[in-house]
Amino acid sequence: MADHSIKGKVALITGGAKNLGGLIARDLATQGAKAVVIHYNSVASRVDAEATVAAIEQTGAKAVALQGDLTTAAAIEKLFADTIAAVGRPDIAINTVGKVLKKAIADVSEAEYDDMTAVNSKAAFFFLKEAGKHVNDHGKIVTLVSSLLGAFTPFYAAYAGTKAPVEHFTRAAAKEFGARGISVTAVGPGPMDTSFFYPAEGADAVAYHKSAAALSSFSKTGLTDIEDVVPFIRHLVSDGWWITGQTILINGGYTTK
C-alpha cells in the first residue's frame with residue numbers, strides 16, 4: 001500500500017512566500033516533509049520567501065526559494081525543472097497563485113481580462129500539466145480557487161470567472177492522473193484575512209464579508225482565517241488522498257455548492 005504520510009516527502013508550493021501559501025509551507029515542514037520549494041512571483045516577495053525558507057530550515061527540512069512569473073508555460077516548466085534539480089521530484093504540488101479584481105463587467109478592460117486569465121486560469125492549467133508529468137506516483141496536487149465559485153454576486157466576474165475553469169481542469173486531471181495514484185483537488189477558501197483581500201474591498205464590503213459566513217462570529221476576524229484552511233490542505237495531501245476531482249469550499253458557511 002502506498003505511503004500517504006507527509007514525512008519524508010518533497011513539496012512544491014507556488015505563492016509560498018507568505019499568507020496562506022507561506023503557512024502551508026511551514027506546516028508541511030513541521031509535519032515531516034524533507035524538502036519544501038517556495039516559489040515567489042517578484043522581487044517584492046523575496047524577503048517574505050527568505051523568511052519562510054529560514055523558518056522551514058529550523059525544522060530540519062531543506063528549503064529552497066525560486067522566483068518566477070508563472071503566466072507562461074515555459075516559466076512553469078522551468079520551475080519544475082529547477083525544483084527537481086534542487087531537491088528531486090515533488091510528491092506534493094500546491095498552486096496558491098491568484099489575482100483578484102473587483103469591477104463591474106462594463107468597466108473591465110481587455111488588458112485586465114487577459115491579465116486575470118493568465119494568472120488565474122492559464123497558470124493553473126500549465127501547473128497541472130507539469131505536475132502531472134513530474135509529481136511522483138501516489139502524489140498529491142492541490143490548486144487554490146475561491147469560494148466565490150459558489151456565489152451569486154456582481155463585480156467578481158473577472159476574478160471568479162477566471163478561477164472557474166480550474167474546477168474542470170481538476171476533474172480532467174484527476175481522471176488522467178488517477179492511474180498513477182495521484183489525487184487532484186481544488187480548494188476554495190472564503191474571503192481571507194490577508195493582504196490579498198483588503199486592497200480590492202471598500203469598508204462596507206469588508207464589513208459585509210466579516211458577517212456573511214454562518215460561523216463568522218466564531219472567527220478571529222469574521223473572515224476565513226488561514227490557520228483554519230491549513231489543516232484541510234494537510235489532510236488532502238496525506239490521508240485524504242481518496243478525495244480527488246473535487247472542489248472543496250472552506251469558508252465557515254460563506255457560500256455552498
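Of the 31 residues in the largest nonpolar core, which touch the most other members? In this predicted model, they are Leu28 and Ile94. The legends below begin with the whole chain and then turn to single places.

**Figure 1. Overview of the predicted chain, with 8 helices and 7 strands.** The radius of gyration is 17 Å, close to the 18 Å that the globule rule gives for 257 residues, so the chain is as compact as a globular protein of that length. Along the principal axes, the C-alpha atoms fill a box of roughly 45 × 40 × 35 Å. Buried residues account for 49% of the 257 residues. Counting contacts between residues at least 6 apart in sequence, 76% join residues at least 24 apart. The chain exposes about 11700 Å², and 57% of this area comes from carbon and sulfur atoms. There are 24 positive and 25 negative charges, and the mean positions of the two sets are 5 Å apart.

**Figure 2. The largest nonpolar core, with Leu28 and Ile94.** This core holds 31 residues, and Leu28 and Ile94 touch the most other members. Two or more of its residues come from each of these elements: strand 1 (10-14), helix 1 (19-30), strand 2 (35-40), helix 2 (46-57), strand 4 (92-95), strand 5 (140-144) and helix 8 (226-236). A second core, separate from this one, has 25 residues, among them Val64, Phe80, Ala93 and Ala123.

**Figure 3. Contacts around Leu28.** Neighbours within four places in sequence are left out of this view. What remains in contact with Leu28 is Ile6, Ala11, Ile13, Ala33, Ile92, Ile94 and Val237. One of these partners, Ile94, shares with Leu28 the place of touching the most other members of the largest core.

**Figure 4. Thr52 in helix 2.** Thr52 has a relative accessible area of 0% and is buried. Beyond its neighbours within four places in sequence, Thr52 is in contact with Gly16, Ala17, Gly22, Ala25, Arg26 and Ile38. Helix 2, where Thr52 is found, is also one of the elements that give two or more residues to the largest nonpolar core.

**Figure 5. Ala212 in helix 7 (residues 203-212).** Is Ala212 buried or partly exposed? With a relative accessible area of 24%, Ala212 is partly exposed, because buried means under 20%. Setting aside neighbours within four places in sequence, Ala212 is in contact with Gly253 and Tyr254. Leu223 is 11 residues from Ala212 in sequence, and the C-alpha atoms of the two are 8.5 Å apart in space.

**Figure 6. Asn19 and Phe155, two residues with positive phi.** Most residues other than glycine have a negative phi. Asn19 is not a glycine, yet its phi is near 55°. Asn19 is in helix 1 and is partly exposed, at a relative accessible area of 28%. Where does Phe155 lie? Phe155 is in the loop between strand 5 and helix 5 (157-163). The phi of Phe155 is about 75°, again a positive value in a residue that is not a glycine. Phe155 is partly exposed, with a relative accessible area of 43%.

How values were computed. Residues numbered from 1 in each chain as written. Predicted model: local features only at pLDDT ≥ 70, side-chain atom pairs only at ≥ 80, totals over all residues. Heavy atoms only, no water. Core = buried A, V, L, I, M, F, W, Y, C linked by side-chain atoms within 4.5 Å. Buried < 20%, exposed > 50% of the residue type's maximum accessible area, 1.4 Å probe, protein only. Helix = DSSP H or I, 4+ residues; strand = E, 2+ residues; numbered from the N terminus. Contact = heavy atoms within 4.5 Å. Rg over C-alpha atoms; globule rule 2.2 N^0.38 Å. Areas by Shrake-Rupley, 256 points an atom, 1.4 Å probe, with all protein chains shown as cover. Lys, Arg positive; Asp, Glu negative; His and termini not counted. Charge placed at Lys NZ, Arg CZ, Asp CG, Glu CD.
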